[in-house]
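Here are a few exercises to work through with the model open beside you. Try each task before you read its solution.

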Amino acid sequence: MGCDSCGGSCSPQNYLSFDAGNTHGPESGRLAAPETIGRLIKSAKRPLLIVGSEILEDDGMLDRAIAIGKKGIPIAATGPAIRGFVEREYDGEVYYYQLHELTNCILDPEWKGLDGQGNYDVVVFFGIIYYYASAMLSAIKNFGTDPLIRGVSIDKYYHPHARMTFGNYSPKRQAEYLEMLDKLITVL
Amino acid sequence: MEEIGGTIKIEGWENVQINIGRIGEEEEEWEPMGPYPMPKMADLRNWDYKLLNRYKPFYAPLCDVCALCTYGKCDLSGNKYGACGIRMDAMQGRIVLLACLVGASAHMAHGRHMIHDLEHRWGVDIPFDLGTEINVPAPLTQLITGIKPKKIRDFLPVLDYIEENIVQLADALHTGQEGSYMDFESKALQMGMLDSLGKEVADMVQIAYYDMPHGESNQPFFEVGMGSIDTKKPTVIVIGHNAPPTFDIVEYLTEKGLEDEVEIGGICCTAIDVTRKYQKAKIVSALGRQLRVIRAGFADVIVIDEQCIRADILKQAKVVGSPVICTNDKAMHGLVDRTGDDQDEIIDDLVEGRVPGVVILDPFQVGKVAVEVARKMHPKRAKKEYILSDEAFKEYLESCTMCGSCTFACPQGLRIGGANKKALEGDLEPLIMMFDQCVGCGRCEQVCKKHIPIVDVMVKAARPVIEKEKGKMRAGRGPVRDTEIRQVGAPLVLGTIPGIIAPIGCGNYPNGTKDVYTIVDEFASRGYIVTLTGCMAIDCGFYLDDEGKSVYERYPDDFDKGCVLNIGSCVSNAHIHGAAIKVASIFARRNIRANYDEIADYIINRVGACGVAWGAMSQKAASIATGFNRLGVPAVVGPHGVKYRRAFLGRRDLPERWKVYDTRNGEELYCEPCPEHLLVAAETIEECLPLMAKLCFRVADTSPGRMIKLTHYIDLSMKYLKVMPPDWHLYVRSETDLPLAKKEYYLQLLEEEQDWKIDWKKKKIVSGPVKGVDPSFNPTLLERLLPEKR
C-alpha cells in the first residue's frame, strides 16, 4: 500500500482501519498527503465538505472547517455540527443536513444538490463519528459509480472505504494532524 | 362444529388404531375474514412495494465481498455481480433478510420453547383472558392470522404458520434463488411481520402461564442498577430472555421462605419478565453491562437461558469463581447435561468446583440448584475481593504504555490509554465516564500488550458510582387496554397527542446510557406517550432527578398523554404494534381480521408513532424495526445502526414519491413527506430528538395536531441544533398549522425564504403549501380501498 501522507515515517497503525475489525475488500482507501487531497478537491467541479459532530469536540477542527468553507467549498453540517457554525456566526454557504439523508441524495445522479445547482463529484468527510462515516463512504464507493463520486476523508482516522484518506492520528499527534489540515487548506 | 384434522384407520378388528388430531371448537364470528389470512411471502408484496418505492432501500455495505458459497469470495465492490449472479445491492438485501431471519427465529422460538417447557405441567388449555377492559386480546394474531385466541392452544396454529414461513423465507437465502434487492426487502418485511407476531405469541403465553399483569396501570416499583444488589446476601444473577427457569428460582425461594435471604438480580429481559410478578427481584443492568456485572463479582451463581448471553460466559464467570447453570438447549457452552440427576449431587459438584457449570434443561429442576449453590458459594466467595485492590489498580495504570491498541479494538474508539494516564495523575473522571460509554465487549483486553484487565480497571475506577447506582422502575404492564385506546384514539389520530415514542432494544449506545433518559424525559414532558421495552426500559431507570426520582416515578404509566410506560421485555414490544392496530380497530372501527395492508395503511397515514432503538445491536433489533416498518411505523436507530447496512429513506425533494389517494373520490394528491423515513440512523442524540418529532407527522393530522407537532419539531431543533429545521415549511399546509405564539414570525419566514404569498391583512397563506388542510381528507396508499375498486 502506498503511503505518502507523512513521507513514509508512519507506523503500520497509520494505515490500519481505526476500528481493527472494519476490514473491507479488494479496494482499500489510498493514504494520501494533504496536498494530494487538496488538489483533488480543488480540481473538483462540485466539491462538498461534510462535517460531523466531532468538529465540536476538538480544538481547531471547527476553525479548519470554516477555513475550507471560506475557500468557496460549500459545507453540509450533519448532526449537531451546525451549532458550531451558528455560534461562530459563519456567513458562508453552510446547510444542515442529516447524514443518512444526505448520502442517499448524493447517490442519486439527478439530485439537485444543496444549492439547487446539481450533485457533487467529490465529497469530503470531516469530523464524523468513525463508523458512521465509514458506512457512508462504503455506500458512496459501492453505489456512487455512475457518474463517479469520490468519497474522501480528512479525518484523523484511516478510512478503508474512502478513495483517499489520512492515516490514524492519536490525540498526542493532534498538532501534527492540524498541520496536515492547514497544508490541505493552503492548496485549495 | 368443524373438524380440523383426524383420520380413522381400521386394519381388521384385532388391530384398530384411532388417531385423533385437533378437534376444532366453534369459532366466534368476531369479524368478517379479511383478504390475507396467514399471508405467505408474496401475498403482501404489493404493500411492500408501495413502501419500498417511497422509502427506497439505501445500502452501506460493511464488506465488499460475498463469501457464502465456494464460488467466492466474490468481489462485489462498485455494485458488481458475483459468480452466482447476485449483485452488491441484492447481496445487502440478502444479508438484511438473514439478520431478520435470525431475529424473528429468536422471538418465535422463545415462545415455542416456553410452551414446550410448560405444557406438560399446566397443559395448553389455560384460558387466555385479559379481563373486561381488553376485547382485542391479541391484535397482531388477529390482524395477521385471523385467529382470535381464547386459550394457549389457539396460538399453536399461529406458531405453525410462523415456522413454515420462516423456513420458506430462509430458503430464499440460498445461492441461486432471489436476485432482486426489492424482493429481498419484501421478504425481510415479511420476516419482520412474522417477528412481531412471534413476539406477541411469546408474551401472551407467559402472561397466561404466569398470570403477569394484563395491562393494568400503576404497576409496582422495584429496584434497578448495579447498586441495588445487597452484596452481603447470596446472589443469583440471571441472564437472558426465557423466564421459566427463573420463575422456578422464585418458586423455590418462596416455598422455603428465603425471599429476604437470597438476592435475584437480572440482566436483560428475563429480569424484566420476572419482575412483572416478583418485585423482590432486581434488575442489575441491561445487556450492555453484562461483562462488567460479571467482573464486579456479584454472582454467587449465574443462571443463563437464551439470547444476548456472552458467548464466553464460562470464561468470564471463571475469572470471578461464579458457577454457571445453562437452562436452554440453545446455549449449553460445552457443559454436561445433568437434567434429571440428583440435585444435591449437582449442587455439590458446582460448589466444590468439580465442574465450572452444568446444563439443566428442565426449568422446574433449576430453582433448588441455583439457590442452594448461591447459598453455599456465598461464604466461600465473600472471602475474596473481585474488584481490583488500590495497589493492583495503580500497577496496571502504570504499566499502560498508551500504545493505542485498545482504542483500535474498541467499537467506540475510546481513548482508554489517555484515561489511564489521567487516572494515574489522580483524575478518575475520564475512566468513570468510559465505564458508561463502554459497550462492555472486552475486545480491548485481548489486544493489550501489557495484559491489563481493562474492564476491571474501569470497574475499579467507577466503583463509587456503581455503589450509588440505584433507581426505580415500574413492573412491565403488558398490553395497552382497549379502554385506554378509546380515550386516546381521537387525540392521537387528530394529532393533539403528538405521538407515541417507543424506545426499544439493546444497549449499544454511542455515548452511554444517559441518552435514553434524555429521550424519555424530553418526549414525556412534551406530552408524547412514551412506551418502553427491553434494555432501553432498564437503562433509563438509573437516572434520578434532583429529588431522587426516576422517570418511572415522575410520570404515570397509563397509555396517555405525557406518560411513561414500561411495557415489558423485548417480546412485549408487540403490544406497541398492538396499540397502533387497536387505534384502527377501536377508534376507527376498521376490520382488522386478516387485513394487514389496510391497517398498515391506516397507521402510516394517521397514527403518529416512532420507534427508537438508540443502541440497536442484535439481529432481533433488526427484525423488530423491520416489523414496525411494515406496519407503517418509522424507527430511528443510533449511529451504530448503520452497520445493519440498510436504511429505508424517503426523499422530501421528490414530490412524486409522496402521492396519496383520497378515499372519498379516488383523487391522487401530492402530500407533505410524512413520515419522511421508515428507518434512519441519527448521528447523535441532538439530531435524534428533532428527527423523531418529525417522524411523528402524519398526512391526516388536523390543524391543531399539526400545530402541536410542528411546535415540538421546531423547538427541539432550535434547542439541540440551534437552527430552524430546513424542511419545516413542507409541513405547513395552512396558517392554522403554524404555532400560535410565533405565527407572524413564521409567516414572515415563509414569505422571505420560501417565496410563499401571504395576505398580511388576514394573516393567511395565499399560496405555497404542497397541499391545503382538508379536515375530511381520507388518505390511503391502497387502490383497493378506492371507491371504484371496492
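**Exercise 1. Backbone exceptions**

In which loop does Pro147(A) lie? Then look up its peptide bond, and do likewise for Pro675(B) and the phi of His333(B).

Solution. Before starting, note that this is a predicted model, in which local features need pLDDT of at least 70, side-chain atom pairs count only at pLDDT 80 or more, and totals for chains, interfaces and linings use all residues. Residues are numbered from 1 along each chain as its sequence is written, chains are lettered from A and ligands numbered from 1 in the order in which they are written, and side-chain values use heavy atoms, with hydrogens and water left out.

Step 1: Pro147(A) sits in the loop between α5 and β6 (150-153) of chain A; helices (H or I, at least four residues) and strands (E, at least two) are DSSP runs, numbered from the N terminus. The bond that joins Asp146(A) to Pro147(A) is cis, with omega about 0 degrees.

Step 2: Cys674(B) and Pro675(B) are also joined by a cis peptide bond, with omega about -10 degrees. You will find Pro675(B) in the loop between β21 (668-670) and β22 (677-681) of chain B.

Step 3: His333(B) has a positive phi, near 55 degrees, and belongs to the loop between β11 (324-326) and α10 (343-351) of chain B. Most residues other than glycine have a negative phi, and most peptide bonds are trans.

**Exercise 2. The A–B interface**

Describe how chain A and chain B meet, from area to individual pairs.

Solution. Step 1: 52 residues of chain A contact 53 residues of chain B, where contact means heavy atoms within 4.5 Å.

Step 2: The two chains bury about 4000 Å² between them, 57% of it on carbon and sulfur atoms. Buried area is the accessible area (1.4 Å probe) that two parts lose on being put together, summed over both.

Step 3: Six salt bridges are counted between the chains, each a side-chain nitrogen of Lys or Arg within 4 Å of a carboxyl oxygen of Asp or Glu. One pairs Lys694(B) with Glu101(A), whose closest N and O atoms are 3.6 Å apart.

Step 4: On chain A, helices α3 (81-87), α4 (99-106) and α5 (130-143) each supply at least two residues of the side that touches chain B. The largest share, nine residues, comes from α5(A).

**Exercise 3. A long-range pair**

Which parts of chain B does the pair Arg375(B) and Glu261(B) link?

Solution. Step 1: The two form a salt bridge, with the closest N and O atoms 3.9 Å apart.

Step 2: Arg375(B) is in helix α11 (residues 366-382), while Glu261(B) is in the loop between α6 (244-256) and β8 (263-267), so the pair links distant parts of the chain, 114 residues apart.

Step 3: Over all chains, the count comes to 71 salt bridges.
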